[in-house]
Structures are given as structure tokens and as C-alpha cells.
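Here is a quick tour of how the sheets and helices of this model fit together. Have the structure open while you read.

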Amino acid sequence: MSSARARGAEEVPGWLRGTPQPRWLRALPAVILTVLTVAQIVTPETLQLGYFVVAVTPVAALAYGPLSVGVLGCLTLLTLSLPYGRRIWDVETPDLLAVVVVVVLSVVIAWVRTRREQQLVTVRTVAEAAQLAVLPPLPSSVGRVRCAGLYRSAQRGLLVGGDLYDVRDGPHGVRALVADVQGHGLEAVATVAALLGAFREAVLDEEDLAGVAARLDRRLVVDSAAVEHAELFATAVVLECDPDEPVLRVVSCGHPPPLLLRGGTARELALDPAPPLGLGLAGTVPVSVTSVPLEHGDRVLAHTDGVTEARDASGAFYPLAQRLPGLAATVSEDDLMALNEAVREDLVRFAGKAENVQDDVALLAMGHIG
């Protein structure tokens with residue numbers, strides 16, 4: 001599974017990734033030169049179009065490197081200066097010198113653009129590697145649990161924002177986390193990294209889900225202590241698949257409840273939510289653990305509020321529980337990523353366009369224990 005598909009990052013235009021420009025842009029200089037030449041031949045001699053040839057090399061500088069632009073500029077100058085039969089171009093010496101200046105400037109622009117693109121590719125490669133280190137793609141299965149995660153950041157081009165998910169196998173079973181931290185975009189990445197680190201340790205150390213929630217809460221409290229007037233908190237849902245029997249245990253800390261997809265129906269799990277993480281209440285307020293028996297073919301979809309709080313043109317919220325059964329019927333029961341993608345595509349259609357979904361979106365689908 002590719003990192004882009006697993007992480008669900010928004011597609012970025014190819015020219016921002018340093019890949020070759022579109023073919024039409026690379027062909028545009030030749031098309032301009034051809035059209036101008038034909039137009040000059042079929043028009044009266046009194047109508048001179050040679051001035052427009054100056055546009056060829058600047059356009060070429062958008063798609064080609066400095067060497068190619070320089071070669072094209074030399075060919076253009078040669079074409080303008082050759083006397084043959086009825087001269088296609090009738091360009092005076094001062095005008096020819098102006099074309100030379102434009103060609104030289106185009107070569108410089110192409111050189112600068114190429115350098116900047118190389119720097120952009122390097123920076124983006126490093127940034128993507130760093131983000132994937134924080135939130136790596138999920139494998140198709142963890143222990144005896146099938147899983148698939150999809151993420152869309154509200155900030156275009158980011159692979160990590162204010163939402164997170166993870167699935168880990170440990171001595172007490174397979175545990176999963178879906179959380180939504182305060183804020184989104186780059187300012188939330190540090191909190192995401194801290195929560196993921198605390199969760200991965202808690203999977204190994206804590207015997208029950210209440211202990212996992214307390215560990216996550218303590219992590220945010222400690223991080224907030226050094227910041228005056230800090231308002232660092234997160235909502236989260238923690239899930240645990242029993243290694244010996246088909247039972248799902250769930251703890252909610254102020255987070256939207258996951259949905260259980262069984263047969264042709266979908267329902268929200270009835271949970272007793274604890275306070276959000278970061279308020280320092282996990283050690284004093286009882287954390288309720290809900291046990292849900294699983295049947296063969298059951299799927300569980302955990303999500304962040306970026307899904308259910310998306311609105312259509314009339315202001316109505318996205319009804320995930322109502323639409324999920326119909327979406328699940330369009331994909332294979334075994335393809336959990338296809339289920340996530342179907343939800344995301346339907347969400348975009350509901351909102352009108354991707355830009356109308358203004359919050360981070362995270363989806364974690366989990367399959368029945370094998």
C-alpha cells in the first residue's frame with residue numbers, strides 16, 4: 001500500500017512535486033512559433049508579426065531548463081536573421097537586439113526556476129519523511145485484526161495535522177487510537193507526536209483501557225505545565241480487541257462514538273464518555289469501558305468530528321450513520337480502505353467540494369477478529 005493512499009494525503013500538483021510539467025505546457029513554445037510562422041506567411045507583407053516571436057522563449061522558460069531555453073532562443077534568433085526568398089520575418093536590428101535581451105533573460109529565469117524546483121523537491125521530501133515518521137501508514141492487518149486508515153488534512157499538502165490514529169499489538173491485545181487534538185495543521189503536529197508516543201508505550205505497559213486513557217491524559221497535562229495559559233486538550237477513542245474472544249472494548253474521552261457496521265445496518269456504539277484528554281481528570285473521574293460482542297463480518301468505523309461536522313449548502317450536518325450502510329454495500333466487505341474512500345468521496349459530494357470540508361478528517365476501519 002502506498003503511503004499516499006494509506007495516509008490519504010491530498011494530491012499536490014505535479015509541478016510542485018518536481019515532476020515534469022504537463023505536455024501541453026512543454027509543447028506550447030513550438031505551437032506558438034508554428035502558429036506565428038503560418039500566420040505571417042498567409043498575411044500581407046505589410047503586416048509584421050515578428051514582434052510576437054519574443055514570447056516563445058519566456059514561455060519555454062516555464063517548462064524547460066536553461067540549456068533547452070538557450071538552444072531554442074538561438075534557433076529563434078537564427079530564424080529571424082536569415083535572409084531567404086521572401087523573408088518570413090522582417091525584423092530590424094534594434095528589434096533583433098531586444099529579442100536577444102529577452103532570450104538571455106529567459107535563460108536566467110529558467111535557471112532560477114530549475115534551482116527553486118530542486119530546492120522545493122528536497123524540502124518536500126524531507127517534510128514528507130518527517131510527517132510519515134510521526135504517522136506512518138498502517139499495515140493491512142495488526143495481529144488478528146484487519147485495519148485501514150485514511151487521513152485528510154484541512155491544510156492542503158500536509159500529511160499530518162490535528163487528527164491521528166494508530167493500531168498496535170501488545171500483550172493485552174490489539175489496541176487502536178483515534179484522536180482529535182486542539183487546532184489543526186502544523187501547530188498540532190507536536191501534540192499528535194506526543195500522544196502517539198504515549199499511546200505506543202501504554203499499549204505495552206497498561207493492563208486496561210482506563211490506564212491507557214490516563215497515560216494519554218497525563219502526557220497532555222505534563223506538556224501543558226510549562227506553557228502559561230495553555231489550553232492543550234484532545235478528544236479520543238481507544239479500542240481494544242480481546243486476543244481470546246470476539247469482543248471489542250471501547251473507551252471514549254469526549255470523542256464521537258465509533259460505528260458498528262453489521263449486515264446492512266450501522267449504529268453508533270452506546271458509550272459513557274469520559275472528559276477530554278488534557279484536563280487532568282483521568283485519574284479522578286471514573287473511565288467507563290464498554291464491551292461490544294462482535295460477530296463474523298462486523299466492521300467498526302471510528303472517525304473524527306471533521307466527518308460528522310461537515311455541512312452541505314443548506315447547513316445540514318453529514319449523516320454518517322444513515323449513509324454508511326449504503327456506502328458499505330458498494331465495496332467489498334474485505335476492502336476496508338475502499339470503505340474509507342467511499343465515505344470520503346461521499347462526504348465531498350455532500351459538502352459540494354473538498355474545500356468545503358474545513359476540518360481535518362480521519363477514518364479508521366477495523367475488521368472482525370480472524
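Which strands does α7 lie across, and at about what angle does α7 run to β5? Helix α7 lies across β4, β5 and β6 (247-253), and runs at about 150 degrees to β5. Keep in mind that this is a predicted model.

**The five-stranded sheet and its helices**

Those strands belong to an open sheet with the order β3-β4-β5-β6-β9, paired antiparallel. The edges are taken by β3 (163-170) and β9 (290-293), each with a single partner strand, so one side of each has no neighbour in the sheet. On average, neighbouring strands here are turned by 20 degrees against each other, ignoring direction. Inside the sheet, β4 (residues 173-181) and β5 (residues 234-241) pair over eight bridges, and Val178 sits opposite Val237 in β5.

Helix α6 also lies across this sheet, on β3, β4 and β5, at about 15 degrees to β3. Then there is the contact between α6 and α7 themselves. From α6, the residues include Leu195, Phe199 and Asp205, and they meet a set in α7 that includes Val212, Arg215 and Leu216. By class, that contact has eight nonpolar, one polar and five charged residues.

**The six-stranded sheet and its helices**

The other sheet to look at is open too, with six strands in the order β1-β2-β11-β10-β7-β8 and antiparallel pairing. Here β1 (141-142) and β8 (265-268) are at the edges with a single partner strand each, so one side of each is left without a neighbour in the sheet. Strands β2 (residues 145-152) and β11 (residues 361-367) are joined by six bridges; one pair of bridge partners is Gly149 and Leu364 in β11.

Helix α9 (residues 320-328) packs on this sheet and touches β7 (259-262), β8 and β10 (299-303), its direction making about 35 degrees with that of β7. Helix α10 (residues 336-351) lies across β2, β7, β10 and β11, at about 30 degrees to β2.

Where α9 meets α10, Leu320, Arg323, Leu324, Leu327 and Ala328 face Leu339, Ala342, Val343, Asp346 and Phe350. That contact counts eight nonpolar, no polar and two charged residues. The two helices are oblique to each other, and their crossing is right-handed.

**The helix pairs in numbers**

| Helix pair | Axes | Angle |
|---|---|---|
| α6 and α7 | 9 Å apart | about 145 degrees |
| α9 and α10 | within 10 Å | roughly 125 degrees |

As for handedness, the crossing of α6 and α7 is right-handed.

Definitions and conventions:
Residues are numbered from 1 along each chain as its sequence is written. This is a predicted model: local features need pLDDT of at least 70, side-chain atom pairs count only at pLDDT 80 or more; totals for chains, interfaces and linings use all residues. Side-chain values use heavy atoms; hydrogens and water are left out. Two strands pair if DSSP finds at least two bridges between them. Helices (H or I, at least four residues) and strands (E, at least two) are DSSP runs, numbered from the N terminus. Contact means heavy atoms within 4.5 Å. Axes are lines fitted to C-alpha atoms, for helices over the stretch in contact, and angles run from 0 to 180 degrees between N-to-C directions. Angles under 35 degrees count as roughly parallel, over 145 as roughly antiparallel, 65 to 115 as roughly perpendicular and the rest as oblique. A crossing is left-handed if the near helix is turned anticlockwise from the far one by less than a right angle, and right-handed if clockwise. Ala, Val, Leu, Ile, Met, Phe, Trp, Tyr, Cys and Pro count as nonpolar, Asp, Glu, Lys and Arg as charged, and the others, Gly among them, as polar.
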